[in-house]
Amino acid sequence: MSVCGVSMDDVEAVRRFGEELELPFPLLSDLNGTVVDRFGVRRGDHARRISFVVDEQGVVRHVDDDVK
């Protein structure tokens, strides 16, 4: 199993955020919104905070839209 975060912020902002929170997983920058659009979570020029569990075949198995 792998965990990653995706943000529409630039690489440097994503790096600083991950370091500040000491996150134990990588954060990816999606400046052009490709991933955000594919998962349908764009909100204006940002992405909604939402969690997906995606299996090894790429099938979404669970969605948590109540992420704090």
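Buried means under 20% relative accessible area, exposed means over 50%, and partly exposed lies in between (1.4 Å probe, protein chains only). With that in hand, welcome to a few exercises.

This is a predicted model, in which local features need pLDDT of at least 70 and side-chain atom pairs count only at pLDDT 80 or more, while totals for chains, interfaces and linings use all residues. Residues are numbered from 1 along each chain as its sequence is written, and side-chain values use heavy atoms, with hydrogens and water left out.

**Exercise 1. Salt bridges in a helix**

Task: Find which residues meet Glu 12 in salt bridges, and sort Arg 15 as buried or exposed, or in between.

Solution:

Step 1. Start with the rule: a salt bridge is a side-chain nitrogen of Lys or Arg within 4 Å of a carboxyl oxygen of Asp or Glu. Side chains of opposite charge can pair when their charged atoms come close. The structure holds six salt bridges.

Step 2. Look at the side chain of Glu 12, which meets that of Arg 15 at 2.2 Å, N to O. Glu 12 also has a salt bridge with Arg 16, at 3.8 Å, N to O.

Step 3. Place these residues on the chain. Helices (H or I, at least four residues) and strands (E, at least two) are DSSP runs, numbered from the N terminus. Glu 12 and Arg 15 both belong to helix H1 (residues 11-21), where they sit three residues apart, about one turn of the helix. Arg 16 and Glu 12 are separated by about one helical turn because they are four residues apart in H1.

Step 4. Sort by accessibility. Arg 15 has 36% relative accessibility, so Arg 15 counts as partly exposed. Glu 12, at 36%, is partly exposed, and Arg 16 is partly exposed at 39%.

**Exercise 2. A salt bridge elsewhere, and a network**

Task: Work out how far apart the closest N and O atoms of Asp 55 and Arg 61 are, and say which residues are joined into one network by salt bridges that share partners.

Solution:

Step 1. The closest N and O atoms of Asp 55 and Arg 61 are 2.7 Å apart, and the two residues form a salt bridge.

Step 2. Check each partner. Asp 55 has 19% relative accessibility and therefore counts as buried, whereas Arg 61 is exposed at 58%.

Step 3. Now the network: Glu 12, Arg 15, Arg 16 and Glu 19 are joined into one by salt bridges that share partners.

**Exercise 3. The largest pocket**

Task: Describe the largest pocket by its volume, its lining and the classes of its residues.

Solution:

Step 1. Define the term. On a 1 Å grid over the protein atoms alone, a pocket is an open set of points with protein on both sides within 12 Å along at least five of seven lines, and lining residues have an atom within 4 Å of a point. Grid points are joined across faces, edges and corners, and a volume is the space filled by probe spheres set on the points.

Step 2. The volume of the largest pocket is about 1,400 Å³. Its lining has 32 residues, and Cys 4, Gly 5, Val 6, Ile 50 and Ser 51 are the closest to its centre.

Step 3. Find the contributors: strand S1 (5-7), H1, helix H2 (34-38), strand S4 (46-47) and S5 each supply at least two lining residues. S5 gives the most, with four.

Step 4. Count by class: 21 nonpolar, five polar and six charged residues. Here Ala, Val, Leu, Ile, Met, Phe, Trp, Tyr, Cys and Pro count as nonpolar, Asp, Glu, Lys and Arg as charged, and the others, Gly among them, as polar.

**Exercise 4. An unusual phi and some distances**

Task: Find the sign of phi at Glu 22, then the C-alpha separations of Arg 48 from Ser 7 and of Asp 64 from Val 53.

Solution:

Step 1. Most residues other than glycine have a negative phi. Glu 22 has a positive phi, near 50°. Glu 22 lies in the loop between H1 and strand S2 (27-29) and is exposed, at 69%.

Step 2. Arg 48 is in the loop between S4 and S5. The C-alpha atoms of Arg 48 and Ser 7 are 9.5 Å apart, with their positions 41 residues apart along the chain.

Step 3. Asp 64 is in strand S6 (residues 60-64). From Asp 64 to Val 53, 11 residues apart along the chain, the C-alpha separation is 8.6 Å.

Definitions and conventions
On a 1 Å grid over the protein atoms alone, a cavity is a set of points where a 1.4 Å probe fits but cannot get out, and a pocket is an open set with protein on both sides within 12 Å along at least five of seven lines; lining residues have an atom within 4 Å of a point.
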